[in-house]
Amino acid sequence: MKRTYLLTLVLMVGILAANDNSSTPDGFVPGTINSINLNMSVVQPATVDNSMECNSEVPGTPPVAGTDAFAFTMVNCSDFDWFGPYCRGLDVVSHGGGYLLMSPSITSDSIYFINFDDGLLNDKLPLDPANTGGWGSYPYGSINVNDYMNLSIFNSLNLGVSWTAYTNPSGTEGRGMDVDYSTNLVWETSSSSGIYSFSHLASTGTYYDVSAYISEQMSGLTVYDNGGNHFLIVNTYNSGYAYFFDLDDNLNYLGSAAYPYQSTTQNSYGLAYCDTRDAFFWAFKDTDTHCYLVELELAVTSLDRTTWGEIKSSF
């Protein structure tokens, strides 16, 4: 079971006024979202929001097959338009005596703390003024936020009162971040071809080329450690798919799954796993430019490795 790293944070002023979270995407009905059908077409939006990117995007394509099958079941959905244009990164922290989601918002120069159940703001802390392109974040006895506009990861030991900049191994290509507390390694998506792992606040790390499986800009990612499964799960910015890699086998590619309403997803943002709820939280924007925070449960099935020759010999 993944340990959610605890931060001793003091609840501050910043409660958002009550909001109506009853709205959900048209036809958004709770239920099982099956693994991707590789034969189905991928619906792409006519226009793509690239305003937060430093490089051009590649249209989304169906993922390649893997060795395992994955299925998401949606258990909750909250209106997330209040957050602003993007919810780039999500992480789980213990804050003010309870568990919350953490995400940097550059439109308000703050890092937000968000309720699981209704997707509303619980608290916020100031970002470093130089942190103008925050995307990913992670807790590690401190708050850490990267920046796609410069080469830094910003670290605060005192709840945002002051920040120290450290070199980001991914440079300006870094996006989503998470920590694997079983190995104490930070993981970070990098552009459209690779993923970095590195020690907390280290300036260099190990690069993994995943271009054989992912061909477009990566966004959020999360570590999943539960039930004997130890995965790194990655989002791509322009598609509604999740990609699964084995953290115990040198990031061996395992397979993929479609998120709810994959065909109407315009941008896929942050992803976080909460071990206390055994659930994932995913933020996305649909083709009508509305944002949602979705709670998901995951089912994992190992595929039958029986060869065609063995099948024929059984007749």
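A residue counts as buried when its relative accessible area is under 20%, as exposed when that value is over 50%, and as partly exposed in between, with a 1.4 Å probe and protein chains only. The structure described here is a predicted model, in which local features need pLDDT of at least 70 and side-chain atom pairs count only at pLDDT 80 or more, whereas totals for chains, interfaces and linings use all residues. Residues are numbered from 1 along each chain as its sequence is written, and side-chain values use heavy atoms, with hydrogens and water left out.

## Overall make-up

The chain contains one helix and 21 strands; helices (H or I, at least four residues) and strands (E, at least two) are DSSP runs, numbered from the N terminus. Of the 315 residues of the chain, 55% are buried. The chain exposes about 12500 Å², of which carbon and sulfur atoms supply 52%, the areas coming from the Shrake-Rupley method with a 1.4 Å probe and, for residues, with only the protein chains shown counting as cover. Where contacts (heavy atoms within 4.5 Å) join residues at least 6 apart in sequence, 57% of them join residues at least 24 apart.

## Two covered strands and their hairpins

Two strands, E4 and E12, can each be followed together with their neighbours. Strands are taken as paired if DSSP finds at least two bridges between them.

Strand E4 (residues 98-105) is mostly covered, with six of its eight residues buried. Strand E3 (residues 91-95) runs antiparallel to E4 and is joined to it by five bridges, and Val93 stands opposite Leu100 in E4. On the other pairing, E4 is joined by five bridges to strand E5 (residues 110-114), again in the antiparallel sense, with Tyr112 of E5 as the bridge partner of Ser103.

Strand E12 (residues 185-190) has five of its six residues buried, so it is largely enclosed by the rest of the structure. Strand E11 (residues 174-180) pairs with E12 in the antiparallel sense over five bridges, and Val186 in E12 is the bridge partner of Val179. E12 is also antiparallel to strand E13 (residues 194-199), to which six bridges join it; here Gly194 in E13 is the bridge partner of Ser190.

Each of these four pairings is a hairpin, and the table lists the residues between the strands together with a residue that has a positive phi.

| Hairpin | Residues between the strands | Residue with positive phi |
|---|---|---|
| E3 and E4 | two residues | Gly96, near 65° |
| E4 and E5 | four residues | Asp109, about 55° |
| E11 and E12 | four residues | Asn184, about 60° |
| E12 and E13 | three residues | Ser191, near 55° |

## Aromatic rings

The structure holds 29 aromatic pairs, where rings of Phe, Tyr and Trp (its six-membered ring) pair if their centres lie within 6.5 Å, and planes under 30 degrees apart count as stacked, over 60 as edge-to-face and the rest as tilted. One of these pairs is formed by Phe80 and Trp82, which meet edge-to-face at 5.6 Å centre to centre with 85° between the planes. Phe80 is buried, because its relative accessibility is 1%. Elsewhere, ring pairs link Phe70, Phe72, Tyr224, Phe231, Phe244, Tyr259, Tyr273, Phe280, Trp282, Phe284 and Tyr292 into a cluster.

## Buried polar side chains

Tyr273, a member of that cluster, also takes part in a polar approach through its backbone, since its backbone nitrogen lies 3.0 Å from a polar atom of the Thr222 side chain. Thr222 is found in strand E15 (residues 218-226) and is buried at 1% relative accessibility.

Asn238 is found in the loop between strand E16 (229-236) and strand E17 (241-246), and at 3% relative accessibility Asn238 is buried. The side chains of Asn238 and Asn267 are joined by a polar contact of 3.5 Å; such a contact is a pair of N or O atoms within 3.5 Å, and within protein one must be able to donate a hydrogen and the other to accept it, while residues adjacent in sequence count only if both atoms are side-chain atoms.

## Cysteines

The structure holds zero disulfides, a disulfide being a pair of cysteine sulfur atoms within 2.5 Å. The cysteine sulfur closest to that of Cys87 belongs to Cys291 and is 8.3 Å away, which is too far for a bond. Cys87 is buried at 2% relative accessibility, and Cys291 is also buried, with a relative accessible area of 6%.
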